[in-house]
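Here are my notes on the model you sent round. I've kept them as numbered points so you can reply to each in turn.

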Amino acid sequence: MCCRGRRASDEGTTVERSVMLTKYAYVSSWPILDRKLGSVSAVALDGDGNVVIFHRGSHVWQLSSFDTNNRYQEATSGPIAEPTVLKFNRHTGDLLQQWGQNLFYMPHGLTIDHEQNYWMTDVALHQVFKFDLNHSTTEPVLTLGTRFEPGDDMYHYCKPTSVAVLKSGEFFVADGYCNGRIVKYSPEGIPILSWGRNSFILTRTFTLAPGPVPESFFAIPHALALVPDRDLLCVADREQGRVQCFHTGNGTFHSQYSSSQIGSRLFSVKYISSGGGLLYTINGPQFDLNPAPVGGYIIEMASGNVIGNFKPNNSKHAFSNPHELAVTDDGLEVYVAELDPQMVHKFRIISPTRSVTEPPKSVTRNQGEKMYESGHAPSGAEMNSALTAGSIGIFSIVSTLIVTSLLVILMARVICFRSGQGSSSRIDEVPLRNMGDEEG
């Protein structure tokens, strides 16, 4: 169970309990587009249920894009010329609105608040913008940070990533790739408090003690999600493969979530109140010997267990570098922004969520064992069916052993007649992407 100040994970439980199985189908015909997108860094839902994406057009984040002081090296090329913000009808996929041309250099985060203000972050500019579309799509009503100037005080950022806005108008900025902190502001943009320290191995300037990284350390706070019914702010701690949650009032640590199913990198998190509170997450390419599959994972907050997932069901649209996601309040639809291939994915729930009994994680069930739903005892017919299936299974195993023994003898004879011909084993290398190719 997840509790205050403790880690929630998917490690062993010894008691049977009910979990919720959530399954999604991939909607391959959405959206309707007449152009090629750039890297899609963000996706959000507006108050009318429309889907809005933020993309990078012709600009690509490469290793050469920033110098060792985190200053953007391609400013002289100018901002992205094409519209970077596109709004689609959630149901039909039709393009409804586009704007954002000649404004941004390297888009990252997009949040649409309860008053329909658009909050955007640009990692090249090191700035955060608030747009009121009723006022203007070219002039922000609030700008934080200094243009092209990285820094670490309350009025400078270093590659800020995301924004979350409370109903009070107070807001949080995740800052970001270099500073590894969260900053809270008043509605007017006056700093209130800050917490967190950068633990990303490539940029930190100190040595951490061996063992698990403590709470409130971030290896890129990459995305934010509010949990309003618990007054929490949850942070996708990207390179530490975990979600950390904090009290919105004072920034103190509350809980964290991780799972071996998700792996060592976790790019985004969103929250819905259904099912007692669920965290929707996406991971990314892993640099481990046995990497977790790239996909979306749903975490039950009460237990910390992964209780569902979502990813394209065909190789043509398989995830490669998913970056951000959005979820409808009822959890019926999920949208995922991807850097490469440059696209936005849509998923729709395919069946009502149902409750089943999950076996204890420390117990391994035999493959042929019949599992019964909680509260349902097996009937006589089911028992006979199970016995018959068991008998067939035993016969199948014995037959397999006999055939395998014969094949071993035959192979041994063949190898003996091939003297002087050695054998070698090969372990396929795990393909690792160049880190600079999938930054962001």
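1. A word on terms before the aromatics: buried here means under 20% relative accessible area, with a 1.4 Å probe and protein chains only. Bear in mind as well that this is a predicted model. By that cut-off, Tyr24 and Phe310 are both buried.

2. How many aromatic pairs does the structure hold? The count comes to 27. Tyr24 and Phe310 make one of them, an edge-to-face pair with 6.0 Å from centre to centre and 75 degrees between the planes. Tyr24 sits in strand β2 (residues 17–27) and Phe310 in strand β24 (residues 306–310), so their contact ties together parts that are 286 residues apart in sequence.

3. That pair also belongs to a bigger group. Tyr24 and Phe310 join Tyr26, Tyr280, Phe319 and Phe347 in one aromatic cluster.

4. Another pair to look at is Phe104 with Phe131. This one is edge-to-face too, at 6.2 Å centre to centre and 65 degrees between the planes. Phe104 comes from the loop between β6 and β7, while Phe131 is in strand β9 (residues 127–131), so here the parts tied together are 27 residues apart in sequence. Both of these Phe residues are buried.

5. On to the strands. There is an open sheet of four, in the order β3-β4-β5-β6, and the pairing is antiparallel. Why does one side of β3 and of β6 lack a neighbour in the sheet? Because β3 (40–45) and β6 (95–99) are the edge strands, each with a single partner. From one strand to the next, the twist averages 20 degrees.

6. Within that sheet, β5 (residues 85–88) pairs with β6 over four bridges, in the antiparallel sense. If you want a register check, Leu86 stands opposite Gln98 in β6.

7. Further along the chain, β13 (residues 181–185) and β14 (residues 191–195) run antiparallel and are joined by four bridges. Ile182 faces Trp195 of β14 across the pairing, standing opposite it. The two strands form a hairpin with five residues between them, and in the turn Gly189 has a positive phi of about 95 degrees.

8. Now the enclosed space. Searching the whole structure turns up one cavity of 30 Å³ or more, and its volume is about 40 Å³. Its lining consists of Ser41, His108, Gly109, Thr161, His222, Ala223, Phe267, His323 and Glu324. By class, these are two nonpolar, six polar and one charged. Strands β7 (107–112), β17 (221–227) and β25 (322–327) each supply at least two of the lining residues.

9. How much space lies in the largest pocket? About 1,000 Å³. It is lined by 36 residues, and those nearest the centre are Ile112, Leu226, Lys270, Tyr271 and Asp329. Two or more lining residues come from each of β3, β7, β11 (160–165), β17, β21 (266–272) and β25. The class split for this lining is 19 nonpolar, nine polar and eight charged.

10. One link between the last two points: β7, β17 and β25 give at least two residues each to the cavity lining, and these strands are also among the elements that give two or more to the pocket lining. I'd be glad to hear how you read that part of the model.

Terms used
Residues numbered from 1 in each chain as written. Predicted model: local features only at pLDDT ≥ 70, side-chain atom pairs only at ≥ 80, totals over all residues. Heavy atoms only, no water. Pairing = 2+ DSSP bridges. Axes fitted to C-alpha atoms, helices over the stretch in contact; angles between N-to-C directions. 1 Å grid on protein atoms, 1.4 Å probe; cavity = no way out; pocket = protein on both sides within 12 Å on 5 of 7 lines; lining within 4 Å. Points joined across faces, edges and corners; volume = space filled by probe spheres on them. Nonpolar A, V, L, I, M, F, W, Y, C, P; charged D, E, K, R; others polar. Phe/Tyr/Trp six-rings, centres within 6.5 Å; stacked < 30°, edge-to-face > 60°. Buried < 20%, exposed > 50% of the residue type's maximum accessible area, 1.4 Å probe, protein only.
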